[in-house]
Amino acid sequence: MINFRTHNNWLRYRVDSIIKRNHSELFEPKWRTNRKVFFNYLFHRERWWLILLLVSFVFVYSISIFDELRIVKLSIDNAKLIIDQRTANVAAIISMTIAVVGFLIANLAVKEPQAYRLLFQYSYLYPITYFILSTICCLIFVSTFKDIINEDDYVNLVVAGSWLVLFVLVFIGYLFSRIILFTNSQKIHELLVKELENEAKESLKRGLIEYYGRNEYETFMNQQGAEKYNPLSEWTAQSYNT
């Protein structure tokens, strides 16, 4: 969790500083923590809309990129033919991918809920699936409006779609390589141990935050001359007066 209250007057900042100073082994480098937070947000299973926006932005922005670089030159007739082929290719790739992924998941070495959760986490199944579906949406869009879009822009969009298909193949290969690891029980055991270690560290951090936070709060209140409230003594005094 990122702490934005970076001032010594904030109790949380003071507590975090004490914990990092006394228990540095519980913390990773800041750049690694920030990277993990960023990718956890980006690759969350509910961030399909973000993947779609990113792919759409890159797809549309490619009009100006390929127009300036002129990497690939295609005629408008070849571009219209290619876009339909690319859409059919991606559709066939998805059907085969679903079949292979389903087979690999059915043959996991450890069929436990925790193992399935690690599978989706370490294989990046959700963001890769969202990327493939976003690519198909872009290709279908170009194929549908091929008679409306400007010819030069259309050719650039077709080239961009072809590059996206190449990335689809790379991501699918990565997905297969990660899922295959889960057919090895030893690998699953190593990931489970690592996950338990991370959870233990986070639990210890929460305990230390509570411990040092209470100490820092009591120290601060004592420095300000505040007295600790004791409801039992007040009740005893009221009983004595009556």
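## Helix 5 against helix 7

Helix 5 and helix 7 make a right-handed crossing. This is a predicted model, and in it helix 5 (residues 113-123) packs on helix 7 (residues 151-181) at about 150°, the axes being 9 Å apart.

Who touches whom? On the helix 5 side we have Leu 119, Tyr 122 and Ser 123, and they meet Tyr 174, Leu 175, Arg 178 and Ile 179 of helix 7. Sorted by class, that contact has 5 nonpolar residues, 1 polar and 1 charged.

## Helix 4 and its buried residues

Helix 4 runs over residues 76-106, so to speak a 31-residue rod: first C-alpha to last spans 45 Å, close to the 45 Å expected at 1.5 Å a residue.

Plenty to look at along the way: the buried residues of helix 4 include Ile 76, Ala 79, Ile 83, Thr 87, Val 90, Ile 94, Thr 97, Val 101 and Ile 105. In general, an α-helix has 3.6 residues a turn, so residues three or four places apart point the same way. As for partners, the buried residues of helix 4 pack against helix 5, helix 6 (125-144) and helix 7.

## Aromatic pairs

The model has 10 aromatic pairs. In one of them, Phe 43 and Tyr 124 have ring centres 5.2 Å apart and planes at 70°, so they sit edge-to-face. That pair ties together distant parts of the chain, 81 residues apart: Phe 43 is in the loop between helix 2 (30-42) and helix 3 (48-69), while Tyr 124 is in the loop between helix 5 and helix 6.

Both rings' residues are partly exposed, Phe 43 at 26% relative accessible area and Tyr 124 at 32%. Ring pairs also join Phe 43 and Tyr 124 with Phe 38, Phe 39 and Tyr 174 in a cluster; Tyr 174 is one of the helix 7 residues that meet helix 5.

Note on methods: Residues numbered from 1 in each chain as written. Predicted model: local features only at pLDDT ≥ 70, side-chain atom pairs only at ≥ 80, totals over all residues. Heavy atoms only, no water. Axes fitted to C-alpha atoms, helices over the stretch in contact; angles between N-to-C directions. Helix = DSSP H or I, 4+ residues; strand = E, 2+ residues; numbered from the N terminus. Left-handed = near helix turned anticlockwise from the far one by under 90°. Contact = heavy atoms within 4.5 Å. Nonpolar A, V, L, I, M, F, W, Y, C, P; charged D, E, K, R; others polar. Expected span 1.5 Å × (residues − 1). Buried < 20%, exposed > 50% of the residue type's maximum accessible area, 1.4 Å probe, protein only. Phe/Tyr/Trp six-rings, centres within 6.5 Å; stacked < 30°, edge-to-face > 60°.
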